[in-house]
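Me: I would be grateful for a close look at a single part of this structure. Please choose one helix and describe it together with its surroundings.

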Amino acid sequence: EKPVVKKQDAFRLASISFAYASAKPAKKQDIVFENIVNYLKQNPSARIRLDGYADKATGNEQINMKLSEGRAETVAGELVKMGVKRANITTKGKGGVDDMSPISFNRRATVQVVE
């Protein structure tokens, strides 16, 4: 039986990391994707927003925006492949950021439940 994922946990369970200059997840992060899918299957009316980020230290503003948008879209595509309705997902690129340390942590996509 799948564990119940509560709304307050959905945030914590859903940060997907990416390799430098890539819109493909850095490594297999199946459990993160499964947790998101389980939450959405248990809460079929829930909507999520995927925010993509790039690290500000590399690339320029235009490149980082495109990369961050690509990261959010990649996660959306994976979730759709796993059975999530695309209509329940919105994506947003946030561009280059420097709010986390080490710098590689800025290369991510996060999930927010927006119901």
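Reply: What follows is an account of one helix, its two ends and the elements packed around it.

The model is a predicted one. The helix chosen is H3, which covers residues 61-81. At 1.5 Å a residue, its 21 residues should span 30 Å, and the end C-alpha atoms are indeed 30 Å apart, so the expected and computed lengths agree.

The two ends may be taken next. At the N-terminal end, asparagine 60 acts as the cap: one of its side-chain oxygens lies 3.0 Å from the backbone nitrogen of glutamine 62. Beyond the other end comes glycine 83, which has a positive phi near 105°.

Along H3, the buried residues are Asn64, Leu67, Ser68, Arg71, Ala72, Val75, Ala76 and Leu79. The cover over them includes one helix, H2 (30-42), and the strands S1 (15-17), S2 (48-55), S3 (89-97) and S4 (108-113).

Strand S2 shows this packing at the level of single residues. Glycine 52 is found in S2. Glycine 52 counts as buried because its relative accessible area is 0%, where the cut-off is under 20%. Apart from neighbours within four places in sequence, glycine 52 is in contact with Ser68 and Ala72, and also with Lys92, Gly93, Lys94, Gly95, Arg108 and Ala109. Glycine 52 also lies 8.0 Å from arginine 107, C-alpha to C-alpha, although 55 residues separate the two in sequence.

Leucine 50 offers a second view of the surroundings. With neighbours within four places in sequence again left aside, the contacts of leucine 50 include Ala72, Val75, Ala76 and Leu79. Among its other contacts are Ile89, Thr90, Thr91 and Lys92, as well as Thr110 and Val111.

These residues lead to the nonpolar core. In soluble globular proteins, nonpolar side chains tend to be buried together. The largest nonpolar core here has 21 residues, and those with the most contacts inside it are Ile36, Ile48, Leu50, Val75 and Leu79. Two or more residues of this core come from each of H2, S2, H3 and S4. H2 gives the most, with six residues.

In summary, H3 is capped by asparagine 60, is followed by glycine 83, and is one of the elements that give two or more residues to the largest nonpolar core.

Notes: Residues are numbered from 1 along each chain as its sequence is written. This is a predicted model: local features need pLDDT of at least 70, side-chain atom pairs count only at pLDDT 80 or more; totals for chains, interfaces and linings use all residues. Side-chain values use heavy atoms; hydrogens and water are left out. Helices (H or I, at least four residues) and strands (E, at least two) are DSSP runs, numbered from the N terminus. The expected span of a helix is 1.5 Å times one less than its number of residues. Buried means under 20% relative accessible area, exposed over 50%, partly exposed in between (1.4 Å probe, protein chains only). Contact means heavy atoms within 4.5 Å. A polar contact is a pair of N or O atoms within 3.5 Å; within protein, one must be able to donate a hydrogen and the other to accept it, and residues adjacent in sequence count only if both atoms are side-chain atoms. A nonpolar core is a set of buried Ala, Val, Leu, Ile, Met, Phe, Trp, Tyr and Cys residues joined through side-chain atoms within 4.5 Å.
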